[in-house]
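These are some notes for a colleague who is about to work with the coordinates. They are set out as numbered points, to be read beside the sequence and the structure.

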Amino acid sequence: MRISRRSFAAAAVALLLPLSACGSGGDDGGSTDASGKVEGDISFQTWNLRANFKPYFEGLIADFEKRYPGTHVKWIDQPAEGYADKISADAAGGTLPDVVNVSPDLVAPLARAGLAMDLGKAAAKYRTEYLDGAWKSHQVPGLSGTYAFPWYLNTGPLFYNKSLFEKAGLDPGKPPATYDELFADALQMARKSGGKVATLANVPTIEDFGRYGVRLMNKEGTGFAFDDAKGVELLGRYKELYDAGALDPQALTATPESSGKKFLTGAVAMNPGSALDLGNFRKQAPELYRNIGITDQITSTGHVNMYVMGVMVNSRTRHTPAAVAFAHFVTDARNQMSFARKVAIFPSTAGSLDDPYFTEQDGTDETRVRVAAAKSLKSAANYTPVLFSEQMKTALRNEVAKALQGKESPEAALDNAVRACDRLLKQQG
């Protein structure tokens, strides 16, 4: 998968897998006992990583095969487009690889179909090697296990245009730190610019409701709950921004890429991002780069949002010890640190974020972002529910659009969104 904030934010299509689906081990299934000899041929599938990281993964596999003579790892890399559909087809057809790069929403239907190995049982001895929040991110409501090793994490700050803040009579040295400050500053920005400069370019997503402190699901994980009073309050505040021009009018159809372009051109004053974006600002918008401000994600919970990738083991593999050992090898502290030094992502292993690479400043903006993000990740939360599919995201987005356009009240829109998501949830399982 492309490693960027945009990639993490992009969700995959919901997978509807028959319970009879079988993995690459065949109809008779495989063993969940990972304590035997590590040997045999296994397959490993990644998500659009070959183009940029071929030498890294070839070296990783060579190191594993050297450590465990008698093993052979076949590396398969799938394109980003259609990845969820490919996994679904392989699961249904019995050709799912032994070890698979997944996001939490991809692993959930596989776990429910009995195709993702419970690593809480098969690999319990490795549990303490990972950050608690990252380990829990691949747990599935209604099931008792953990269905993937956590791999790389990402999060990012809010970038803001100091020049636009100053023109609006706002202190560029004091960006908004709370939602009240954000909404007040956004309304002032719109008013002072005559509606020409919006502060935000995206409608609220499930992650935004989570950051605001909205309860997203019931305790049992059997239904959604983001239509509570706090959820209605957030959507109502976004409606106020939309009416005032403080939320970009194209936000209803915006993509992360289009929102980023709005920020580059000065039409939007704030935009989420990552350390990867700073290099783009420097090359594509030198004036913006000279005026760039960097601040923390705004949250009412005290926990920023994190995006997480994982590595699951096919429960039907014929070589459980080798598959589990390799999945752990890919995600152990040494290899995660090695990967993190090649691209702006963060390891999910306990203690790795205390490495000087993530704690010591060197005067550059890139390092400033990396250090701040690493600190926030120690207590970050994955606000996207594991069971929240792409179809559910679309349902929520459609209802949010109706509320912002005044076609429905915020309360009615969220009630409709919850009903639609609950219907889709029942179809899943």
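1. The side chain of R211 makes a polar contact with the side chain of D208 at 2.8 Å, and another with the side chain of Q297 at 3.0 Å. This is a predicted model, and R211 belongs in it to helix α9, which spans residues 206–212. With a relative accessibility of 10%, R211 counts as buried, because the cut-off for that class is under 20%. Once residues up to four places away in sequence are set aside, R211 touches Y179, Q297, I298, T299, S300, T301, N305 and Y383.

2. On confidence, the chain has a mean pLDDT of 89, with 93% of its residues at 70 or more. Residues 1–29 need separate care, since pLDDT stays under 50 over that stretch, although the model has 105 contacts for it beyond four places in sequence.

3. The sheet is open and is formed by six strands in the order β2-β1-β3-β8-β4-β9, with mixed pairing. Strands β2 (71–78) and β9 (346–347) stand at its edges and have a single partner strand each, so that one side of each is left without a neighbour in the sheet. Helix α2, residues 50–67, packs on this sheet and touches β1 (40–47), β2 and β4 (149–154), its direction making about 165° with that of β2. Within the sheet, β3 (residues 99–102) and β8 (residues 307–313) pair in the antiparallel sense over four bridges, and V102 stands opposite G310 in β8.

4. Helix α15 lies across β4 and β9 and runs at about 25° to β4. Q336 has its place in this helix, which covers residues 333–340, and is buried, with a relative accessible area of 2%. What does the side chain of Q336 have close to one of its polar atoms, at 2.8 Å? The partner is the backbone nitrogen of S348. Leaving aside neighbours within four places in sequence, the contacts of Q336 include Y130, P150, W151, Y152, F346, P347 and T349.

5. The largest nonpolar core has 124 residues, and those with the most contacts inside it are F57 and F226. A second, separate core has ten residues, among them F159, L278, F281 and A285. Not counting residues up to four places away in sequence, F57 touches F44, T46, L49, W75, W151 and F339. As general background, nonpolar side chains tend to be buried together in soluble globular proteins.

Methods:
Residues numbered from 1 in each chain as written. Predicted model: local features only at pLDDT ≥ 70, side-chain atom pairs only at ≥ 80, totals over all residues. Heavy atoms only, no water. Core = buried A, V, L, I, M, F, W, Y, C linked by side-chain atoms within 4.5 Å. Buried < 20%, exposed > 50% of the residue type's maximum accessible area, 1.4 Å probe, protein only. Contact = heavy atoms within 4.5 Å. pLDDT = per-residue confidence, 0-100. Helix = DSSP H or I, 4+ residues; strand = E, 2+ residues; numbered from the N terminus. Polar contact = N/O pair within 3.5 Å; in protein donor to acceptor, adjacent residues only side chain to side chain. Pairing = 2+ DSSP bridges. Axes fitted to C-alpha atoms, helices over the stretch in contact; angles between N-to-C directions.
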